[in-house]
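Which residues surround the ligand, and which of them come nearest? The report below takes up this question for the structure shown here.

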Amino acid sequence: MSEENSKDKETPDFQKEDWYTDALEYWSEKPATIDGVLGGYGEIDEIDVEGSRLFISEYIYGKKGARNRIISSPRISDEYACDCGAGIGRVTKHFLLRIFKKVDLVEYTPKFIKQAENDFLKKEKEEGRIGEFICSGLQEFMPKEGKYDLIWCQWVLGHLKDDDLIKFFERCKKGLKPKGLIGVKENVSVIGYQFDETDSSVTRSDEIYKKIFQKSGLKIVKEEIQHGMPEELFEVKMYALENVDNQNQEK
Ligand SMILES: C[S@@+](CC[C@H](N)C(=O)[O-])C[C@H]1O[C@@H](n2cnc3c(N)ncnc32)[C@H](O)[C@@H]1O
């Protein structure tokens, strides 16, 4: 690859007209299976969901330290979560519904959300544990005000242009209950952007994500690397984020 090409790959073309349809076309061709939504890495499902569960559980159950002393009490209830870029519902079924009573799913690719509703999460739907299956791009998704304890975004934010991502986070803040959290679990590059022209997606560095959180009025309450992922993949980071205005209210 020439230097010019490799430079191009690091500069996302956020002006690209078909940015969002590229993703839709790309994902519509992938099988509606765990392996399909994980790009052929279905075997990481278990370690991924366990990492997420450990990361978030202190906010739901509280945190205990040495000799079972309570270090922090629960922050959010286990009532309602939202799974953004849900695919076929893997994260909902294996992580969120093991903690939360009810989950809404937001997913752009019609065949994935249909698979979730008619098959992968059919039983959970019948049990009344799924609120809504929402077929929408996150660039348009408007959560209802004050609805969620946790809004979880995993392996999807690279599909949003920077400006749309900031606007999305701003809408999510309004969709949270007063002490609610936004969870982000994404691949991170070592430096700058890595642009993938095939599906018009971008891998951002930790530094870029942190600038975007700040611009969106979000503060990091916890961050952690997901260990145990295949070596050839990008590093995966989890962030728990709160509305900066929360702190002001508490003072
Ligand atoms: C790598 S898969 C991850 C799915 C799921 N989060 C998981 O971890 O199993 C990326 C998902 O993002 C969805 N997606 C792509 N662009 C999107 C957008 N603009 N808004 C919402 N979802 C989108 C794709 O259809 C696909 O289901």
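What follows describes the surroundings of the ligand and then turns to one residue of its shell.

The model is predicted, and in it the space taken by the ligand is the largest pocket. Two elements, α2 (19–28) and α5 (90–94), are those that give two or more residues to the shell around the ligand. The shell holds 21 residues, of which Gly 85, Arg 90, Glu 107, Thr 109 and Gln 154 come nearest to the ligand. Sorted by character, the residues of this shell comprise eleven nonpolar, eight polar and two charged ones.

Among the polar contacts of the ligand are those listed in the table, each of which involves a nitrogen atom of the ligand.

| Residue | Atom on the protein side | Distance to a ligand nitrogen atom |
|---|---|---|
| Gly 85 | polar backbone atom | 2.7 Å |
| Gln 154 | backbone N or O atom | 2.8 Å |
| Gln 139 | side-chain N or O atom | 2.9 Å |

Taken alone, the ligand would expose 600 Å², and the protein buries 97% of that area.

Arg 90, which is one of the residues that come nearest to the ligand, lies in helix α5. Is Arg 90 buried or exposed? Its relative accessible area is 3%, and because buried means under 20%, Arg 90 counts as buried. The side chain of Arg 90 also makes a polar contact with the side chain of Asp 45, at a distance of 2.8 Å.

Notes
Residues are numbered from 1 along each chain as its sequence is written. This is a predicted model: local features need pLDDT of at least 70, side-chain atom pairs count only at pLDDT 80 or more; totals for chains, interfaces and linings use all residues. Side-chain values use heavy atoms; hydrogens and water are left out. A residue is near a molecule or strand if one of its heavy atoms lies within 4 Å of it. A polar contact is a pair of N or O atoms within 3.5 Å; within protein, one must be able to donate a hydrogen and the other to accept it, and residues adjacent in sequence count only if both atoms are side-chain atoms. Accessible areas come from the Shrake-Rupley method with a 1.4 Å probe; for residues, only the protein chains shown count as cover. On a 1 Å grid over the protein atoms alone, a cavity is a set of points where a 1.4 Å probe fits but cannot get out, and a pocket is an open set with protein on both sides within 12 Å along at least five of seven lines; lining residues have an atom within 4 Å of a point. A molecule sits in a cavity or pocket if more than half of its atoms lie within 2 Å of its grid points. Helices (H or I, at least four residues) and strands (E, at least two) are DSSP runs, numbered from the N terminus. Ala, Val, Leu, Ile, Met, Phe, Trp, Tyr, Cys and Pro count as nonpolar, Asp, Glu, Lys and Arg as charged, and the others, Gly among them, as polar. Buried means under 20% relative accessible area, exposed over 50%, partly exposed in between (1.4 Å probe, protein chains only).
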